[in-house]
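Please open the model in a viewer and keep the sequence at hand. The tour proceeds by selection, with a short account of what is found at each stop.

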Amino acid sequence: MKKMKVTLRSLAQELGIAPATVLRALTNHPNVTQGLRRRVIALAQKYHYQLPDHYKKLVAVVIPGFGFEGYTGILLSSLMKELSANRFHGEIISDCDLEVLQDHAYAGVIVWTAGLEKQWPEEHATPLVVLNATSNPREGIYQVTSDEKQGITLGLEHLYSRGRRRIAFVSSPLSDNLNAKKRVEAFHEFCRKKRISADSFHEEQTPANDLDAIADNIIRKKADAVFAAGETYAPQLLFRLSRHGVRIPDDLSMLALEYHAVTPFTIPPLTALSQDFDELARQSVRLLLRRIHHQPSPAEILIPYHFIERESI
């Protein structure tokens with residue numbers, strides 16, 4: 001049988017309220033009680049109902065915690081501009097406050113909190129795009145991410161071509177950070193292929209292994225290169241190494257992930273790999289649009305890194 005088209009009128013009829021009340025609930029009008037709004041939103045999600053295109057729709061952008069620096073801040077800026085350009089209103093939500101997703105009618109959700117996608121199919125029917133998780137189209141999970149293997153390999157190849165064989169690879173904490181895990185996997189794979197595993201080593205930044213301890217280990221193990229695989233802590237590590245009398249790049253080459261507000265202005269300016277945040281945002285919104293309109297979508301979109309040569313290698 002041909003499915004009936006879901007409309008404001010059909011939703012209103014099932015709920016026993018006026019179509020105007022349904023519209024007010026879905027457009028976040030203040031004169032609707034929270035209980036009724038949640039009933040309307042739940043029914044609209046059940047039938048995958050979307051407001052007509054001439055209504056500016058909400059997209060929730062879920063971030064881990066309440067931090068806005070480094071990767072989070074850069075990507076948020078690009079995402080908000082891209083959402084606005086596509087006539088969406090972006091609303092930032094901490095993963096600590098997910099209950100608010102029940103209070104508004106979101107056209108879609110963009111999230112980079114690892115693990116959240118596992119509960120999403122059970123709790124929500126809103127189209128989802130993830131930035132730090134594993135894609136699973138059967139569960140409605142579609143991913144846009146930087147190509148970690150390509151980027152890490154690109155940087156390591158540059159260090160290797162400059163004769164570096166004792167490479168210290170410094171990562172963010174690996175717990176609940178899929179991208180950091182992918183970077184470390186790419187590092188170990190590269191070391192095995194180049195047969196430098198015995199001399200190169202991985203340092204994970206944790207409370208028990210802070211940057212001071214990592215700097216001490218780098219010096220003690222006589223590394224000839226450091227790859228700081230995070231946007232925010234490379235300048236801090238550079239400072240600590242310099243305090244120990246290590247000269248960059250004379251004694252030690254250093255490669256970082258680009259933090260455009262800092263890495264070009266360190267002494268020396270840091271050679272870096274840059275994520276294309278504007279393209280990450282562009283592809284995330286495009287993928288979300290395809291999901292909203294039930295169009296065929298790729299399970300995963302990989303965005304390549306770019307190499308920026310400066311004076312630290």
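Contact here means heavy atoms within 4.5 Å. The model is a predicted one.

Begin with phenylalanine 227. Excluding residues up to four places away in sequence, Phe227 touches Ile152, Gly155, Leu156, Leu159, Ile167, Ala168, Phe169, Val170, Leu255, Leu257 and Leu273.

Next, widen the selection to the largest nonpolar core, which has 42 residues. Those with the most contacts inside this core are Ile218, Val226, Phe227, Leu237 and Met254. At least two residues each come from helix H6 (148-161), strand E6 (167-171), helix H7 (178-194), helix H8 (211-220), strand E8 (225-228), helix H9 (234-243) and E9. H7 gives the most, with 6 residues. Another core, of 27 residues, lies apart from it; Val59, Val144, Val285 and Ile301 are among its members.

Now select serine 253, in strand E9 (residues 253-257). Is serine 253 buried or exposed? Its relative accessible area is 0%, and under 20% counts as buried, so serine 253 is buried. Its side chain joins that of arginine 164 through a polar contact of 2.8 Å. Serine 253 also touches Leu159, Asp224, Ala225, Val226, Ser312 and Ile313, again leaving aside residues up to four places away in sequence.

Finally, select helix H1 (residues 8-15) and helix H2 (residues 19-26), whose axes come within 8 Å and cross at roughly 105 degrees. H1 is therefore roughly perpendicular to H2. Leu8, Arg9, Leu11, Ala12 and Leu15 of H1 meet Pro19, Val22, Leu23 and Leu26 of H2. By class, this contact has 8 nonpolar, no polar and 1 charged residues.

Notes:
Residues numbered from 1 in each chain as written. Predicted model: local features only at pLDDT ≥ 70, side-chain atom pairs only at ≥ 80, totals over all residues. Heavy atoms only, no water. Axes fitted to C-alpha atoms, helices over the stretch in contact; angles between N-to-C directions. Helix = DSSP H or I, 4+ residues; strand = E, 2+ residues; numbered from the N terminus. Parallel < 35°, antiparallel > 145°, perpendicular 65-115°, else oblique. Nonpolar A, V, L, I, M, F, W, Y, C, P; charged D, E, K, R; others polar. Buried < 20%, exposed > 50% of the residue type's maximum accessible area, 1.4 Å probe, protein only. Polar contact = N/O pair within 3.5 Å; in protein donor to acceptor, adjacent residues only side chain to side chain. Core = buried A, V, L, I, M, F, W, Y, C linked by side-chain atoms within 4.5 Å.
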